[in-house]
Amino acid sequence: MHQALAKKFGHLPFLTIANPANGVPTLKISTPAATAGMSLFGAQVLSWAPRDHQNVLWLSPSTSLDGSAPIRGGIPVCWPWFGPHPEDPSAPAHGIARTALWNLDSATLDDETAILKFSGPQAPSQQSLGQPGLQLSLGVRIGEILDLALTTTNIGTQSATLSQALHSYFAVGAIQHISIDGFDKSTYLDKLDDGRTKQQSGLVQFEEEVDRIYNIAPTTILRDPLLSREIKITSQGTSRSTVIWNPWSAKSQRLDDMPDDGYKTMVCIETANVAADTIKLPPGASHTLRALISVATLTD
Ligand code: TA6
């Protein structure tokens, strides 16, 4: 696969393709506006640092990158279901996209933004999991803004039910010092309290494990005083649910691919269509889930 990629994309100055011994190609993207790293395993963005900023995404130092397990960090694509499979307990958590090898179809530069297009796992793997005829593609724009567009097309003859998330891991200075704005007065399902519905009051802050599905996808602001930055996440109206997760210490210790203290410097804010926001996709229809991420220096 690497030879074919090198032949097709090797001439591009903004794209370097590495093929570590394990055969899972990784991409390094460098433009005047940003640098980023991706893996073709899951078409997963692993890092993104816009000009004048440190890497915005968190990647576990103990994750595997060899295709043997989902990559812990960056922006995993959860699709065509989020969390456990609705019927099949033996199916992989968060679907099949993040553990499939994707194809890089095109890579172009638009001024200072790199535009990469990927096609995802094909229909046969979905048929075995009750999702006949769903086709998947991902567009990634890497520049001052990181812009992901995950498009599902139902090329089958049956209506499909789709839940999905761009499961973004953000790097933070210290979890107890950050706050997430945008959810005041919204309701959320508390996955740590039997999915009970609760109401958010004010900013989302962290003193213990948090695993919540909010019923809105607002313009979300993650304020990080230690890194003197704020990260903005929007979905252009393609999402009406947001998952916020921090595993805290006990779960971090249980996760083999996460350092025991990993929870201290990360938070997941996931742009999603889950729970009440699950998508019904009739034959011939398409749906695109967008996540646009930008970062600014905190002035106050
Ligand atoms: O982000 C929410 C969540 O569903 C959590 O419950 C936790 O399981 C997390 O995803 C990570 O899932 P993973 O399968 O990557 O360990």
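Student: How much space lies in the largest pocket?

Tutor: In this predicted model, the largest pocket holds about 420 Å³ of space. It is lined by 20 residues, and those closest to its centre are Arg72, Ala93, His94, Arg98 and Trp245.

Student: What makes it a pocket, and not a cavity?

Tutor: A pocket is an open set of grid points, whereas in a cavity a 1.4 Å probe fits but cannot get out.

Student: Into which classes do the residues of the lining of the largest pocket divide?

Tutor: Ten are nonpolar, three polar and seven charged. Arg72 and Arg98 are among the residues closest to the centre, and Arg counts as charged.

Student: Where does the ligand sit?

Tutor: The ligand sits in the largest pocket. The term requires that more than half of its atoms lie within 2 Å of the grid points of the pocket, so the ligand meets that condition.

Student: What makes His94 one of the residues around the ligand?

Tutor: A residue is included if one of its heavy atoms lies within 4 Å of the molecule. A polar side-chain atom of His94 lies 3.0 Å from an oxygen atom of the ligand, so His94 belongs to the shell. The others around the ligand are Arg72, Phe82, Arg98, His167, Lys191, Asp211, Val243, Trp245, Lys251 and Glu270. By class, this shell has three nonpolar, two polar and six charged residues.

Student: Why do the atom pairs of Arg98 and Glu270 with the ligand count as polar contacts?

Tutor: The cut-off is 3.5 Å between N or O atoms. For Arg98, a polar side-chain atom is 2.8 Å from an oxygen atom of the ligand. For Glu270, an N or O atom in the side chain is 2.5 Å from a ligand oxygen. Both values lie within the cut-off, so both pairs are polar contacts. As for area, the ligand taken alone exposes 380 Å², and the protein buries 84% of that.

Student: How many cavities of 30 Å³ or more are there?

Tutor: The count comes to one. The volume of the largest cavity is about 50 Å³.

Student: What makes Glu270 a lining residue of the largest cavity?

Tutor: Lining residues have an atom within 4 Å of a grid point. Glu270 is in the lining, along with residues including Ile269 and Thr271, so Glu270 has such an atom. β18 (229-234) and β20 (266-273) are the elements that give two or more residues to this lining. With three residues, β20 gives the most. By class, the lining has four nonpolar, five polar and one charged residues.

Technical notes: Residues are numbered from 1 along each chain as its sequence is written. This is a predicted model: local features need pLDDT of at least 70, side-chain atom pairs count only at pLDDT 80 or more; totals for chains, interfaces and linings use all residues. Side-chain values use heavy atoms; hydrogens and water are left out. A polar contact is a pair of N or O atoms within 3.5 Å; within protein, one must be able to donate a hydrogen and the other to accept it, and residues adjacent in sequence count only if both atoms are side-chain atoms. Accessible areas come from the Shrake-Rupley method with a 1.4 Å probe; for residues, only the protein chains shown count as cover. On a 1 Å grid over the protein atoms alone, a cavity is a set of points where a 1.4 Å probe fits but cannot get out, and a pocket is an open set with protein on both sides within 12 Å along at least five of seven lines; lining residues have an atom within 4 Å of a point. Grid points are joined across faces, edges and corners, and a volume is the space filled by probe spheres set on the points. Helices (H or I, at least four residues) and strands (E, at least two) are DSSP runs, numbered from the N terminus.
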